[in-house]
Amino acid sequence: MAKAALLLIVLALPLLAQAQTPEAQLRCESTGQDFVYDCTLMLTRFGRPLEGAQVTVGADMPSMPMAHSVRPARARPGLKPGEYKARLDLEMLGEWAIKLRLDGPVRDLLVLHYEFDSKGAMPRKR
Amino acid sequence: MDDYAIGVLTNIALFSFIALSAYLLLIAGEMSFGQQAFFGVGAYAGGILTTLYAWPLPLAALAAMALGAVAQFLVALPTLRLRGLHFAMATLAAAEMARILFELMHWRREIDGELAGPDGTQGFRGIRWIFEHGIEPLHYLGIVGVLLALVLALFLMIERSKLGATLRGVGLDPELAASVGIDVQRIKLGVAAAAGALAALGGVLYAHHNTYIEPRNFDIMLGVHSLAYALIGGLGTAFGPLLGVLLDIGTLESTRVFHGYRMIVFGGLVALVLVYRPRGLLDERTVQWLRQRFS
């Protein structure tokens, strides 16, 4: 019994070593309306799609924190597992910190940095 | 109350701390463009203590305030020899030095299998004390609001005391204050330390609200806004800076009437107030008139 428990722990170690924080990838395209983007979000955890999460998407400008609040949008599940869709109505072009508040199977808050232009958004490079 | 309203109210309260710290220096006769540095010191110190060393937030906030006070005291020691614009430029230079130091700071440790801590320009992610302790956004707004109310009450008490009169005397005419035996340098150093502690308290609360900070959060824009809020709102009472924050974040921002042009409207508002009411909407004369009318 003890050996079996030990074996289970040893087998579980690589899993435990993986990041528990979900990972997120964002893809946004302009709707054609100024500063309004349709965004698709892919959420994974332990390398697998994270399904059933309630996701709220907000945004803030890193160069002017607290001063450009964007009304958070509730994301709806997409067609693929782990996919969520939301419409972002920003105030201007430039770099935005996208804030994802997760509830449901995982409760977390993720912050992603994207550069928004007239076509869509790209992850910020430093 | 929906998430957006809670977010806007929390931002108003958080901004108020740094606006009050700029106001405190203004009534002592000094214009600082560098309060964002001490806001940043508080944010980084508080975040490091709760995230990397598992300190409880209240204790981390106290330590961050102490560090903010010491940091601004040390900056004030040489810079308070300067006057007016020279002092303002020196505080701006100190704030930029602090921001560059944040960019150079790498202080990471493995927490729960993940690296956490400040990572230079990549920022500092995962300041999760609020999240891990199950504090909902509305409760956090309550905590920030109570702390702001305590700070305001302290300001109002000081303003009605002999210390308040001394502060205003030092601010309006330091030579005259010195001639009646007031140690102007000592008073200003004390004010600088208190302003640093107040800005740091705002910073630690901001870092835990946002869960993520980076050096660019603490650049000149934040300093200019904090000063503008105090100047627009008025220097007659501690409610002045709050009025400034409410006008900008509460009215211009949350209604989003002007969309991306808000900053132009805000800049124009600052210019108009400085021309027609150089000591702000709630200046000393207006506050005196209001007191007489309602007392």
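Okay, a quick definition before we start: Ala, Val, Leu, Ile, Met, Phe, Trp, Tyr, Cys and Pro count as nonpolar here, Asp, Glu, Lys and Arg as charged, and the others, Gly among them, as polar. Also keep in mind that what you see is a predicted model.

With that in hand, let's go inside. The count comes to six cavities of 30 Å³ or more. The largest cavity holds about 470 Å³ of space, and 21 residues line it, with Pro72(A), Lys99(A), Asp3(B), Gly7(B) and His209(B) closest to its centre. By class, that lining comes out at 10 nonpolar, seven polar and four charged residues.

Who builds it? From chain A, strand 4 (54-60) and strand 8 (94-103) each put in at least two residues, and so do helix 1 (3-27) and helix 9 (184-210) of chain B. Helix 1 of chain B gives the largest share, six residues.

Next, the second largest cavity, at about 110 Å³. Its lining is 14 residues, and nearest the centre you'll find Arg101(A), Ile130(B), Pro137(B), Tyr140(B) and His209(B). Yes, His209(B) again: we met this residue among those closest to the centre of the largest cavity. At least two lining residues each come from helix 1, helix 5, helix 6 (137-159) and helix 9 of chain B, with helix 6 giving the largest share, three residues. The split here is eight nonpolar, four polar and two charged.

Now for the pockets, which are open. The largest has a volume of about 1,200 Å³. It has 43 lining residues, and Thr21(A), Glu114(B), Arg125(B), Gly126(B) and Arg128(B) lie nearest its centre. Two or more residues each come from strand 1 (23-30) and strand 9 (108-116) on chain A, and from helix 2 (35-51), strand 2 (114-116) and helix 5 (129-132) on chain B. Strand 9 of chain A has the largest share, seven residues. As for character, we get 18 nonpolar, 12 polar and 13 charged.

So what does the lining of the second largest pocket divide into? It's 18 nonpolar, no polar and no charged residues. That pocket takes up about 450 Å³, and of its 18 lining residues, Val41(B), Ala71(B), Ala98(B), Leu101(B) and Phe102(B) sit closest to the centre. The elements giving two or more residues are helix 2, helix 3 and helix 4 (84-104) of chain B; helix 2 has the largest share, with seven.

A word on chain A itself, since its strands keep coming up. It has one helix and 10 strands, and along the sequence the helix comes before the strands, as the pattern α-β-β-β-β-β-β-β-β-β-β shows. Of its 126 residues, 44% count as buried.

Last stop, the outside of chain B. Tyr53(B), Trp55(B), Leu59(B), Leu62(B) and Trp107(B) make a nonpolar surface patch of about 490 Å². Take Leu62(B), which is in helix 3 (residues 57-79). Is Leu62(B) buried or exposed? Exposed, because its relative accessibility is 55%, and the cut-off for exposed is over 50%.

Compare Leu274(B), in helix 12 (residues 262-276) of chain B. At 36% relative accessibility, this leucine counts as partly exposed. Its C-alpha atom is 7.5 Å from that of Ile232(B), although the two residues are 42 apart along the chain.

Note on methods
Residues numbered from 1 in each chain as written. Chains lettered and ligands numbered in written order. Predicted model: local features only at pLDDT ≥ 70, side-chain atom pairs only at ≥ 80, totals over all residues. Heavy atoms only, no water. Patch = residues over 30% accessible without salt bridge, like charges linked within 9 Å, V, L, I, M, F, W, Y side chains within 5 Å. Areas by Shrake-Rupley, 256 points an atom, 1.4 Å probe, with all protein chains shown as cover. Salt bridge = Lys/Arg side-chain N within 4 Å of Asp/Glu carboxyl O. Helix = DSSP H or I, 4+ residues; strand = E, 2+ residues; numbered from the N terminus. Buried < 20%, exposed > 50% of the residue type's maximum accessible area, 1.4 Å probe, protein only. 1 Å grid on protein atoms, 1.4 Å probe; cavity = no way out; pocket = protein on both sides within 12 Å on 5 of 7 lines; lining within 4 Å. Points joined across faces, edges and corners; volume = space filled by probe spheres on them.
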